[in-house]
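Please walk me through this structure, taking the charged pairs, the interior and the surface in turn.

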Amino acid sequence: MTDRPHVAHRRPDGVDDATVAATGKLSEALETIERARGHLYAFHQLTGGADLALDEAVELFREAGHAHIAQRISTELIGRNVLAGRWTFQVVEEYDDGYYGLFRDLEQAARDELLDGRRHIYEAEMKEARRTHGAPGHSATPDTAEDP
């Protein structure tokens, strides 16, 4: 065994620093988009949960003798589109099928063309530069030494 990164995390022959930096920045941007997508799904689930909670609020208003408020919530708010013609599931689908899908496709295409499809080359090289070779907890891969 050697204390070198796995081949999947090594720069392909002939790839220059500028290409590694550019693909690294593109991957970083995709990671940010992944986080944004998670927030969009949270928005979707939170909005749906709030809409369902309105059923109970309406019933409580009716029981408290405020039928006019209950009726207004029922007819104006429950089931309302969050954007023109869209519930949150439609917003999520449009985002996934459009912007997000294209972003993922372009990031993958750049890695396929320039790095033989390899991921995280920039980070793998940063790890190599920053770790203390031979020290416990600083192995290149899980199978080269015992990490805590």
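**A guided reading of the predicted model**

E128 and R131 form a salt bridge in which the closest N and O atoms are 2.6 Å apart. The model read here is a predicted one, and this pair serves as a starting point. The two partners do not share a burial class, because R131 counts as buried at 8% relative accessibility, whereas E128, at 21%, counts as partly exposed. The cut-off explains the labels, since a residue is called buried under 20% relative accessible area and exposed over 50%, with partly exposed in between. The pair also belongs to a wider arrangement, as D3, E128 and R131 are linked in a network of salt bridges.

In general terms, side chains of opposite charge can pair when their charged atoms come close. The structure holds 10 salt bridges, and two others deserve a closer look. In one of them D96 is joined to R37, with 2.7 Å between the closest N and O atoms. This pair links distant parts of the chain, for D96 sits in helix α3 and R37 in helix α1, 59 residues apart. D96 is buried, with a relative accessible area of 16%, while R37 is partly exposed, with a value of 22%. In the other, R86 forms a salt bridge with E94, and here the closest N and O atoms are 2.8 Å apart. R86 counts as partly exposed at 28% relative accessibility, and E94 likewise counts as partly exposed, at 46%.

From the charged pairs we can turn to the interior. Which residues make up the largest nonpolar core? This core has eight residues, namely L30, I33, L40, V91, V92, Y95, Y100 and F103. Helix α1, which spans residues 17-63, and helix α3 each supply at least two residues of the core. The largest share, five residues, comes from α3. Helices α1 and α3 are thus, because of where their residues lie, joined both through this core and through the salt bridge between D96 and R37.

Parts of the chain that are far apart in sequence also meet outside the helical pairing just described. P12, which lies in the segment before α1, has its C-alpha 6.1 Å from that of L115, although the two are 103 residues apart in sequence. P12 counts as buried, because its relative accessibility is 7%. A second proline, P142, is found in the segment after α4, the helix of residues 121-130. The C-alpha atoms of P142 and P5 are separated by 9.7 Å, with their positions 137 residues apart along the chain. Unlike P12, which is buried, P142 is exposed, with a relative accessible area of 77%.

The surface carries patches of two kinds. Where is a negative patch to be found? It is formed by D13, D112, E113 and D116. Of these residues, E113 is found in helix α3, residues 88-115, and counts as exposed because its relative accessibility is 67%. D116 lies in the loop between α3 and α4, and at 56% relative accessibility D116 also counts as exposed. A nonpolar patch, with an area of about 240 Å², is made by F43, V82 and L83. L83 is found in the loop between α2, residues 67-77, and α3, and at 46% relative accessibility L83 counts as partly exposed.

The loop between α3 and α4 merits a last look for its backbone. Most residues other than glycine have a negative phi. D116, however, has a positive phi of about 55° although it is not a glycine. H120 is found in this loop as well, and its phi is near 55°, again a positive value in a residue other than glycine. In terms of accessibility, H120 is partly exposed, with a relative accessible area of 36%, whereas D116 counts as exposed at 56%.

Methods: Residues are numbered from 1 along each chain as its sequence is written. This is a predicted model: local features need pLDDT of at least 70, side-chain atom pairs count only at pLDDT 80 or more; totals for chains, interfaces and linings use all residues. Side-chain values use heavy atoms; hydrogens and water are left out. Patches are made of residues with over 30% relative accessible area and no salt bridge: like charges are joined within 9 Å, nonpolar side chains (Val, Leu, Ile, Met, Phe, Trp, Tyr) within 5 Å. Accessible areas come from the Shrake-Rupley method with a 1.4 Å probe; for residues, only the protein chains shown count as cover. A salt bridge is a side-chain nitrogen of Lys or Arg within 4 Å of a carboxyl oxygen of Asp or Glu. Lys and Arg count as positive and Asp and Glu as negative; His and the chain ends are not counted. The place of a charge is taken as NZ of Lys, CZ of Arg, CG of Asp or CD of Glu. Helices (H or I, at least four residues) and strands (E, at least two) are DSSP runs, numbered from the N terminus. Buried means under 20% relative accessible area, exposed over 50%, partly exposed in between (1.4 Å probe, protein chains only). A nonpolar core is a set of buried Ala, Val, Leu, Ile, Met, Phe, Trp, Tyr and Cys residues joined through side-chain atoms within 4.5 Å.
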